Amino acid sequence: MSLLLQYTLIFASVLILVALGGCFSEHSGVINLGLEGIMIMGALGGALTMRYLGENSSHFATILTVVLVSAAVGMVYSCLLAVACINFKADQTLVGTALNLLGTAGATVIVKAINTAANPDDVSSIIQYAGAKKAFTVSIGSFEFSWFMLITALLLVASYVLLYKTRFGLRLMACGEHPQAAGINVYKMRWAGVLISGFLGGLGGIVFITAGVSEWRFEYGVAGFGFLSLAVMIFGQWKPTRIALAALLFGFFRALGNVYTGFAFLKVMNLPSSVYNMLPYIISLIVLAFTSKNSRAPKAEGIPYDKGQR
């Protein structure tokens, strides 16, 4: 049971972070379908940092450096979305899709190039970080607590306060509802929304690849968690508290794929593990089919801003 709770919380942490990233971007008026690609690039930055830091650095330094690098790489990668969609008014859906494709391909090429440079016979896209990964976990009995869980909780509270209790948050949401009437620099606010999205998405990527494994093959991407996070965001009605609850639900079903053999009644059903791994995606389709009619997205999301238009 403790293992189920552990995986539920860590997968929920990934979904919360990335869904919050999408929430900030869409509240500013920009649809960020490139969360999958941002996660991959953030994971790449964090994994390379862990690889080169190794076990010699202090735990605090490792955690701080990996978090900052992952978030920074995610922010830099999200600039591609911001430039294309905000400055050049490109189609946000197409740009987001391109970022997802580029993220997986780019990360795979970079890792293979690094591995080949170190060893000409190594053409894999794998990065190992077993030593540095120990800095992120603390054993409490049979429960393995991850510092990422605490970081996620703090960022969830900070996101709620930022969106609803500050002038910045109210202005950001105004840009996603009626930018022409906002009375502020909409371009700057949308850039801010996309950069925050990159920060949280990149962080979500490193949380995902450290969930129970000590190496990652980057050609696998992030198993659709970017799109699942979008489903969490929609089911959560673009509100941080509801996003957290939705993430726990989807995280629970994803965790079953890792621990179902520990439950006798599930084991006797003799279902392949792929069925349990598909559960969160099947649940997301069912949930969205019944709740999408009542969803209230920001009115101006996906619409390029033209300051000359009224």
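Eight names mark out one cavity in this predicted model: Val30, Cys85, Ile86, Lys89, Tyr187, Arg190, Pro304 and Tyr305 line the second largest cavity. Two helices give two or more residues each to this lining. They are H3, which runs over 59-87, and H8, which runs over 186-209. The volume enclosed is about 40 Å³.

Look next at the character of that wall. Nonpolar residues account for 6 of the lining, and charged residues for 2. Polar residues are absent from the lining of this second largest cavity.

Now turn to the other cavity. The structure holds 2 cavities of 30 Å³ or more. The largest has a volume of about 130 Å³. Its lining is made up of 13 residues. Closest to the centre are Ile10, Glu144, Ser146, Thr210 and Gly212.

Which elements each supply at least two residues of this lining? Helix H1 (2-28) does, and so do strand E3 (143-146) and helix H6 (147-164). H1 provides the largest share, with 3 residues.

The wall of the largest cavity can be sorted by class as well. Here the count is 6 nonpolar, 5 polar and 2 charged residues. Set this beside the second largest cavity, where the lining has 6 nonpolar, no polar and 2 charged residues.

To find the two places in the model, start from the helices. H3 and H8 lead to the second largest cavity. H1 and H6, together with strand E3, lead to the largest.

Definitions and conventions. Residues numbered from 1 in each chain as written. Predicted model: local features only at pLDDT ≥ 70, side-chain atom pairs only at ≥ 80, totals over all residues. Heavy atoms only, no water. 1 Å grid on protein atoms, 1.4 Å probe; cavity = no way out; pocket = protein on both sides within 12 Å on 5 of 7 lines; lining within 4 Å. Points joined across faces, edges and corners; volume = space filled by probe spheres on them. Helix = DSSP H or I, 4+ residues; strand = E, 2+ residues; numbered from the N terminus. Nonpolar A, V, L, I, M, F, W, Y, C, P; charged D, E, K, R; others polar.
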